[in-house]
There are 2 protein chains.
Amino acid sequence: QQSTVIMALSSRAEPFLASNPKSYGSIHISLLGDLYDETSNPEGAILMSVAENKLCGDIILERLQEHKPFTQAMLNYTDGTGLPTFKPVLAEFMTRDVLKLGDKQTVKPEQLVVSAGCTGLLFQLSTLLFERGDSILIPTPYYPAFEQDFGFLGGVHLIPIDPTNAQYDLTLEDLNRAYNLAIERKQPPKAVLIANPHNPLGKIYSPEQLLMLVSWCREHKIHLISDEIYALSVFNPAVDGAFHSIAALLDNDLGEYVHILWGVSKDLGSSGLRVGALYSHNAALVRAIGANNTAHQVSNAIQELFTDMLQDATFMRYLIAENNARIQKNYLLLTQGLDALGLTYVPAGAGIFLFVNLQPLMREVSYEAERELHLALVEKIKWSLTPGEPCKHTTPGYFRVCYCWVSPAGVVEAMKRLKSFKDSLN
Amino acid sequence: QQSTVIMALSSRAEPFLASNPKSYGSIHISLLGDLYDETSNPEGAILMSVAENKLCGDIILERLQEHKPFTQAMLNYTDGTGLPTFKPVLAEFMTRDVLKLGDKQTVKPEQLVVSAGCTGLLFQLSTLLFERGDSILIPTPYYPAFEQDFGFLGGVHLIPIDPTNAQYDLTLEDLNRAYNLAIERKQPPKAVLIANPHNPLGKIYSPEQLLMLVSWCREHKIHLISDEIYALSVFNPAVDGAFHSIAALLDNDLGEYVHILWGVSKDLGSSGLRVGALYSHNAALVRAIGANNTAHQVSNAIQELFTDMLQDATFMRYLIAENNARIQKNYLLLTQGLDALGLTYVPAGAGIFLFVNLQPLMREVSYEAERELHLALVEKIKWSLTPGEPCKHTTPGYFRVCYCWVSPAGVVEAMKRLKSFKDSLN
C-alpha cells in the first residue's frame, strides 16, 4: 500500500518524505505543549534548538497594532516581486541600516525581490542558479536547513568547506580543498554560500576574509550568496569587530555574481510573518526569480505593515538598540552559567546562538555519544539544543544554543538544570 | 554581455526569462496608471483581462478591520502546512460551504496544506507528482497561467483536451485522444487538471461528466487535480445546474489520486492576501508538500484574519449571497450590451468571466486577426481582454471578459465604447 502511494508521486518528492523523529526539529515540535514558564510551568521544557528571537516581541507587537487600514489594493494582485509601496522603503532601509552603504551608494528597488521568507528565495536560487547535480560550497558548521533549501528541490549537493583553524576563519586553502572535492566528485561547483554573521557560530567575518572570498569567487566565476539575515543582531562588536556587509565592502559594486539575502525573520523577530528579500545586480536573475516568485508571494497586508514600520527611523533605531541589549543580557547569563560549570564555547558577538562544547558531559567523543547526550538533555532536564552533527561540525560534542527563544529567567533555569545534570554524572 | 549573464544562471531559469510585452498580462500592467473611474477619469482604461473580483471589496475590507490583535505566536515559526488554529476552521468551512459534503463526511485538518495562494500549490504539484518531461492533460480553452504553473519549474508538458462539441462537454473520446497524443509524444500522462467552475468559460461540469472523468482517471491510474477556486462564485445555477465538488460526488472518498484546490483569492476577492489550500487523502503527497511548503508559507497574521472571518458563519452566508448578486448584476449588464450589438458568447452561470465571440469585429478568422483586434481594442477604446489564443482555444476570435474587475458603471461604459468601435468598422 505504502509503496503504491509513493510510486504515485514523483522521484522529486523522495527527499521530502524522509523524516527523523529524533531530529532536533521534531523534538522541538514535540515539546511545544509543555513550555517552561517562570510562574505557571517552572518544570516545563526549555527550548533552545530553533533560531528565533522572541526577546523584543512586546515592542514589535505594540508597533504592529498601529497598522494602516486595509485597502482594496491590498486585496488584489500586484507586482510579484514585491509591493511597489514596500520595495522603495525596504531599499532605503537596507541601504542605510542593514548594509550600511553610506551616503553615495543605494540599493535600487528594482534590484530587490520580496518573497515569503528567505527560505523561499534559497529554494528559488537552488533551482535557478544550478543544474540538478551541481554543488554549492558551504563553510562548516552550517545552519542545517540549508540542506533542504538547496538539496531537496534543486538537487544541489552541499560540499563542506571545513575550517582547519581554531578560529573558524575562511582560508584560501580550505576553499580550494572544497572546490577540488566538488570537481573530483563531478559535482560542478557553482556558488559559495556564507551566513554572515555566522550561524551557528555567532561570529562575524572580517573584511579581509570577505574580500578574499569575493576575489576567489570572481576568479573561479562562481556565485557568492551572502546570507546577512542576522546583520542587525550585533550585540558585541568587541568580539570579532563590526559587521561589514559584502555590499559595503564592494562599494555596492556587486557585479553579476554576488547576491545578498536579508529579511524580517531574525533581526525583527518575525519569522512567522514570512518576509525575506534578495538583493542582486544580476538583472537576469532578478527577472527569473521575479517570475518564479508568483508561487512565493507575501500578503500585501504584511508588506504594508513593514512599509509602515521600516520607514519609522526613530522606532527602528530604538528597536535595534533595545534588541541587542536584550540579546547581550541573555548571552551574559548563558556564558556566566557555562563558565561556572567549566564548559567552553566559541565566543560570539552577533547572532542569537552560541556554539558550546559539551564533550565533558559525554562518555566519549563521538557522534553517537553526541546523539545520546542530546536525547538525555531532553529527557532528564527538558532542555533542547541543536547538535553539531546536523550542522556538519567535524568534531563531535558541540551544540548550538539558541538562547533568545526564552526569557532571561529561562536561561538561568537552563543553567541550573545543566548543573544538576552535570552533577548527576559524577 | 547578455549571454554571459544568462549563462551564469541555470537552464531551469530559461522559461522564466522569456517575456512578451504584447501579452494580455503585460498590457494589463501597463494600463494600471490610467484606470477608468466614472467621475475622476471617465476616459481611463477599462481592464477586463485579469480574473479578480473586486465587487465586494467594501464588505470584505470592513470585516478585515475587525481583526484580532497580533500575538507573540503570530511572530514565530509554526506548522509549515498551516496554522493549527486556522486549519480546523478552514476544514469545517470547506466541508460545509465549499465542497458541501453534507453532515456525514468531513475534511480533516491533516488532509489540508495551506500555501501562499493556489499558485504555490500548483507549482509544488508540478514538481512532486511529475518527473520532468511528463505531461498533464487539460481541457481547452484553459487559464493561461497553468502553463507557467506546471511547465516552467516542473518541466511538465501541457496536453490539450480539445472538446469536439459546441457545449465544451468532457467526453471519453476527447480524453482518450489527449491521452494517446501524450503517449505518442513520449510525454507520460500523469494527471488531468480541470477547473470547475470552468475558467475561462464560466461553466459548471455536470455530475455525469465528473464521475466519468474520475472513473477514467482511476482506470488509467493517473491523478485528477480539481481546481475548485470558483466554487462559491455560482450566481445562476439555472445555466448549467448546481456546482458539485468532486469530493461531494465521491461521498468524500477521494482515494490517493484525487486532489482538490480552493483558496480565498477568487470567492473572497482576496488574491493579494495569498491564501490557498490543497485537500488530498494521499498522505504521502500531503507530507511531501508539507515539507516543501516551507518556502511558500502564508504569514500567520493573515491566517488568523481568515480564521476569524471563515468561522463567522452568518457573515460568510451574507458575503457569498451578496457577492453572487453583484456578479449577476454585472453579468446582466455585460450580456445585455453584447446582445444589443449582436455578439454571441458562451452562457455562464458561475465564475467571474464570459467567453465572447468577437469574430464579427475581425477582418478574418485567424489568430493573427485576433491579436490585431486585441491590440486595437486597447489602443482605440482602452478596453483590455484576455485573447483566446493563450487559452489555447481552437477557434480564433474568442476573448475572456473578466467583468468583475470593474464597477457596474465600468461594464456599461465598456459596452458603450465597444459599440463605437463596432460602428467605426462599418
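Me: Are helices α14(A) and α16(A) roughly parallel or roughly antiparallel to each other?

Reply: Roughly parallel, because their angle falls under 35 degrees (over 145 is roughly antiparallel, 65 to 115 roughly perpendicular, the rest oblique). By the way, this is a predicted model, where local features need pLDDT of at least 70, side-chain atom pairs count only at 80 or more, and totals for chains, interfaces and linings use all residues. Residues are numbered from 1 along each chain as written, chains are lettered from A and ligands numbered from 1 in written order, and side-chain values use heavy atoms, without hydrogens and water.

Me: What numbers describe a helix pair?

Reply: Two packed helices are described by the angle and the distance between their axes. Here α14 (residues 313-340) and α16 (residues 408-425) of chain A have axes that come within 9 Å and cross at roughly 10 degrees.

Me: Which residues of α14(A) and α16(A) meet?

Reply: Look for contacts, meaning heavy atoms within 4.5 Å. K329(A), N330(A), L333(A), L334(A), G337(A) and L338(A) of α14(A) meet P408(A), V411(A), V412(A), M415(A) and L418(A) of α16(A).

Me: Now chain B: is L261(B) buried or exposed?

Reply: Buried means under 20% relative accessible area, exposed over 50%, and partly exposed in between (1.4 Å probe, protein chains only). L261(B) has 0% relative accessibility, so L261(B) counts as buried. You'll find L261(B) in strand β7 of chain B, residues 258-263.

Me: What is L261(B) in contact with, beyond its neighbours within four places in sequence?

Reply: Its contacts include C118(B), L121(B), I225(B), S226(B) and L278(B). S226(B) is 35 residues away along the chain, yet its C-alpha atom is separated from that of L261(B) by 6.3 Å.

Key
Helices (H or I, at least four residues) and strands (E, at least two) are DSSP runs, numbered from the N terminus. Axes are lines fitted to C-alpha atoms, for helices over the stretch in contact, and angles run from 0 to 180 degrees between N-to-C directions.
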